[in-house]
Amino acid sequence: MAVDRDRVAALVRELLEAIGEDPERPGLRQTPQRVADAYAEFFAGVGEDAAAPLAHTISVSRGPAPDTLPSGAVILRDVLFRSVCEHHLLPFRGHAHIAYLPGEQVVGLGALPKVVEILSSRPQVQERLGEQIADVIAGSLDARGVLVVLDATHECVTMRGGRQTDASTVTIAARGEFAEPAARTEIVALIGAARS
């Protein structure tokens, strides 16, 4: 479902009036349309199928090295994401770290950030976002385990309320073998390992 830009613009105009502003003053005249355009981008994932980027998989046993089946995790670190908190409609942003233990099928690494992008482009809470990413990967691939770690800063924490400008929130979602504490600990350590 596409964002109704005209309706959003009309509501932003009304919001400006409700806070005592004049939507016709020069600095605000284009604001309703600018906000509508931004919301169309921020919420582009509403109604989109987050599993679609994972539809094309690659067979490990029928690939270029059929004798080499993966025994360890595939880890993609530092996937940038941004979303809008559904509680205050304020942005939050950070990094997603994704690990999975492949079965027979692997997926192109570029597909994983697309899953994150679709799911984060909706009104969200970080706790649910990580769980949704893990569920989509676990449900779409024959992965033996999935781990998603999100580390994000929330403007509802940094700009309002307690105004904790350096605070970040870390959430972890684990499926399959990564639900076991020992396996999860190893992967979390690898995610946090210093880059050479």
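Is Cys 85 buried or exposed, and what is its relative accessible area?

## The two cysteines

In this predicted model, Cys 85 is buried, with a relative accessible area of 5%. Cys 156 is likewise buried, and its relative accessible area is 16%.

## Absence of disulfides

A disulfide is a covalent bond between the sulfur atoms of two cysteines. How many disulfides does the structure hold? The number is zero.

The reason lies in a distance. For the sulfur of Cys 85, the closest cysteine sulfur belongs to Cys 156 and is 4.5 Å away, which is too far for a bond. The closest cysteine sulfur to that of Cys 156 is, in turn, the one in Cys 85, at 4.5 Å. A disulfide requires the two sulfur atoms to be within 2.5 Å, and the pair is therefore not counted as bonded.

## The largest nonpolar core

The largest nonpolar core contains 31 residues. Those that touch the most other members are Leu 54, Phe 81, Tyr 100, Leu 112, Ile 133 and Ile 137. Several elements each supply at least two residues of this core: the strands β2 (74–85), β3 (91–101), β4 (105–107) and β6 (145–154), together with the helices α3 (111–120) and α4 (126–140). The largest share, six residues, comes from α3.

Which residues does Ile 137 touch, not counting residues up to four places away in sequence? Its contacts are Leu 54, Ile 98, Tyr 100, Leu 112 and Val 146.

## A separate core

Another core lies apart from the largest one and has seven residues. Among them are Leu 101, Leu 147, Val 149 and Ile 187.

Notes. Residues are numbered from 1 along each chain as its sequence is written. This is a predicted model: local features need pLDDT of at least 70, side-chain atom pairs count only at pLDDT 80 or more; totals for chains, interfaces and linings use all residues. Side-chain values use heavy atoms; hydrogens and water are left out. Buried means under 20% relative accessible area, exposed over 50%, partly exposed in between (1.4 Å probe, protein chains only). A nonpolar core is a set of buried Ala, Val, Leu, Ile, Met, Phe, Trp, Tyr and Cys residues joined through side-chain atoms within 4.5 Å. Helices (H or I, at least four residues) and strands (E, at least two) are DSSP runs, numbered from the N terminus. Contact means heavy atoms within 4.5 Å.
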